[in-house]
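Q: Please take a close look at the salt bridges of this model. I would like to know which side chains pair, where they lie, and what surrounds them in the rest of the chain.

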Amino acid sequence: QSTAAAGRGGRAAAMTFASVLEVANALVVTYYATEHLLRNELHHHDRGERRGSAQEQRGFRRPQNLQDAIALARAIARDIARDIAKVVGLLVWAGVNLCYYASKFLEGSRSPSSEGRRFHLPDTFIISLVFVGFTFLCWFDIKRRKRGELTWRTFARQVALSTVESLLALPFVAVFFALGFLIAVSALEGLHRSTAFLNNPIYYGVLYGPFSTIYFFTKRRCLTNRGPILPL
């Protein structure tokens, strides 16, 4: 009996880890996708910050005393540490995924119960985890660029407006993807091939698509404001 309980506990822990890793993967992909899609806005924002702090930068480039030299060294160290942390984070994320999927490959095919859980509607825990993860990542992503300009109240209003904006685009996006899946299913059935692998993009699109879209619109709204974020 204790062995069976330990087995159930191990399976529950494995399922929880798989869910957390799945959400973490969605967050990483969303972050770098928005960084790429908003690269022009980010460049404009960063250039505006550099222009606004031109006096400080001129002072840092030519330190006049020991205090200025220490400040310059600290600024360079912060930039290097931030780049190193980003690279290390990506390596850790890639390593965790590699180890996890390698272990799943070595185990062989997954159990039917695991497959059924994976492709059914997510439970309350998954939805809560996705909501909290995307909310805090979006907050910290914008906060690190806007610094003191962003408050939780303003952020909540920006998210609400972005949600409405994404809902307006939802019918067109749904029709577009439905047409794409219809063509794919028709082609696979014509070739007498299985359509089971389409469960993955459907699952990820339904669960993470709305959150990623709201994340993108919120980040774009906050970064395209010239100067302080308007407290809408």
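A: The account below begins with the model as a whole, turns to the salt bridges, and ends with other local features.

This is a predicted model, in which local features need pLDDT of at least 70 and side-chain atom pairs count only at pLDDT 80 or more, while totals for chains, interfaces and linings use all residues. Residues are numbered from 1 along each chain as its sequence is written, and side-chain values use heavy atoms, with hydrogens and water left out.

The average pLDDT (the predictor's confidence in each residue, from 0 to 100) is 77 for the protein, and 72% of the residues score at least 70. Two segments fall under 50: residues 52-60, for which the model has four contacts beyond four places in sequence, and residues 112-121, with 12 such contacts. A contact here means heavy atoms within 4.5 Å.

The protein contains eight helices and zero strands, which gives the pattern α-α-α-α-α-α-α-α along the sequence. These elements are DSSP runs numbered from the N terminus, helices being H or I over at least four residues and strands E over at least two. Among contacts with a separation of 6 or more, 80% join residues 24 or more positions apart. Of the 232 residues, 22% count as buried; the classes are buried under 20% relative accessible area, exposed over 50%, and partly exposed in between, with a 1.4 Å probe and protein chains only.

The number of salt bridges in the model is eight, each being a side-chain nitrogen of Lys or Arg within 4 Å of a carboxyl oxygen of Asp or Glu. Arg-144 pairs with Glu-35, their closest N and O atoms lying 3.8 Å apart. Because Arg-144 belongs to helix 6 (residues 124-146) and Glu-35 to helix 1 (residues 2-37), this salt bridge ties together parts that are 109 residues apart in sequence. Their surroundings can be described in turn: Arg-144 is partly exposed, at 39% relative accessibility, whereas Glu-35 is buried, at 16%.

Arg-144 also meets Asp-141 in a salt bridge, with an N to O distance of 3.2 Å. This pair is local, because the two residues are three positions apart in helix 6 and are therefore separated by about one helical turn. Asp-141 is buried, with a relative accessible area of 4%.

Asp-141 has a further partner in Lys-219, at 2.7 Å from N to O. Lys-219 lies in helix 8 (residues 199-224) and Asp-141 in helix 6, so the bridge ties together parts that are 78 residues apart in sequence. Both of these side chains belong to buried residues. Through shared partners, the salt bridges join Glu-35, Asp-141, Arg-144, Arg-145 and Lys-219 into one network.

Cys-222 also falls within the residue range of helix 8 and is buried, with a relative accessible area of 0%. The closest cysteine sulfur to that of Cys-222 is in Cys-138, 6.8 Å away, which is too far for a bond. Cys-99, by contrast, is exposed at 55% relative accessible area. The count of disulfides (pairs of cysteine sulfur atoms within 2.5 Å) is zero.

At the surface, the protein exposes about 15800 Å², of which carbon and sulfur atoms supply 68%; accessible areas come from the Shrake-Rupley method with a 1.4 Å probe, and for residues only the protein chains shown count as cover. A nonpolar patch is formed by Phe-17, Ile-76, Ile-80, Ile-84, Val-88, Val-92 and Val-96, with about 590 Å² of accessible area together. Patch members have over 30% relative accessible area and no salt bridge; like charges are joined within 9 Å, and nonpolar side chains (Val, Leu, Ile, Met, Phe, Trp, Tyr) within 5 Å. Helix 4 (residues 66-107) supplies the largest share of the patch, six residues. Ile-80 lies in that helix and is partly exposed, with a relative accessible area of 47%.

One backbone feature remains. His-192 has a positive phi of about 60° although it is not a glycine. His-192 is placed in the loop between helix 7 (152-190) and helix 8, and it counts as exposed at 72% relative accessibility.
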